[in-house]
Amino acid sequence: MPKRVVIAGGGTGGHLYPGIALARKLMEHDMEITFIGTERGIESRVLPKEGFPLKTIASAGLVGKRGMSRIVSLVKLPVGVLQAMGYLTGHRPALVVGVGGYVSGPAVFAASLRKHKNT
């Protein structure tokens, strides 16, 4: 049975494409890959075309946001952490890797709370 690996990140190609390269290399070693991203980031368009499953969670950046936009972003953070925890609990990956972008924060934090480690 292949080990499961979750790669969290996206938003821009600078975060996503290194994650895809890592995923391809890990697949050579019989690892099952899933990505965690958002519905609005580049990952939602690219990953299905690349053949990778994508679990979406709520997340948004905080830098440069003011007023109501900042409040909405702050609310999304704990929601995203809970969504990621739920997914990681059911999926039980051996490893969670954050490759950058605002979505990787909640996912990696959720993994740290669940104490996911490479086994």
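Okay, let's start with helix H4, and with what its buried residues lean on: they pack against strand S1 (3-9), S2, H3 and strand S4 (95-100). Keep in mind that this is a predicted model. H4 itself covers residues 104-114. Which of its residues are buried? Those would be Ser-104, Pro-106, Ala-107, Ala-110 and Ala-111. And just after H4 comes Lys-115, with a positive phi, near 60 degrees.

Now, the partner helix. H3 takes in residues 67-91, and its axis comes within 8 Å of the H4 axis. The two cross at roughly 55 degrees, so H3 and H4 are oblique to each other. The crossing is right-handed.

Who's actually meeting whom there? From H3 you get Leu-77, Gly-80, Val-81, Ala-84, Met-85, Leu-88 and Thr-89. From H4 it's Pro-106, Ala-107, Phe-109, Ala-110, Ala-111, Leu-113 and Arg-114. Split that contact up by residue type and you have 11 nonpolar, two polar and one charged.

Let's move over to strand S2, residues 31-37, and pick out Ile-36, which sits in it. Is Ile-36 buried or exposed? Its relative accessibility is 0%, so Ile-36 counts as buried.

So what does Ile-36 touch, if we skip residues up to four places away in sequence? The list runs Val-6, Ile-7, Ala-8, Gly-9, Leu-54, Lys-55, Ile-57, Tyr-87, Leu-88, Val-103 and Ala-107. Two of those names should ring a bell: Leu-88 and Ala-107 also turn up where H3 meets H4.

One last bit on Ile-36: Gly-14 is 22 residues from it in sequence, and their C-alpha atoms are 16 Å apart in space.

Terms used: Residues are numbered from 1 along each chain as its sequence is written. This is a predicted model: local features need pLDDT of at least 70, side-chain atom pairs count only at pLDDT 80 or more; totals for chains, interfaces and linings use all residues. Side-chain values use heavy atoms; hydrogens and water are left out. Axes are lines fitted to C-alpha atoms, for helices over the stretch in contact, and angles run from 0 to 180 degrees between N-to-C directions. Helices (H or I, at least four residues) and strands (E, at least two) are DSSP runs, numbered from the N terminus. Angles under 35 degrees count as roughly parallel, over 145 as roughly antiparallel, 65 to 115 as roughly perpendicular and the rest as oblique. A crossing is left-handed if the near helix is turned anticlockwise from the far one by less than a right angle, and right-handed if clockwise. Contact means heavy atoms within 4.5 Å. Ala, Val, Leu, Ile, Met, Phe, Trp, Tyr, Cys and Pro count as nonpolar, Asp, Glu, Lys and Arg as charged, and the others, Gly among them, as polar. Buried means under 20% relative accessible area, exposed over 50%, partly exposed in between (1.4 Å probe, protein chains only).
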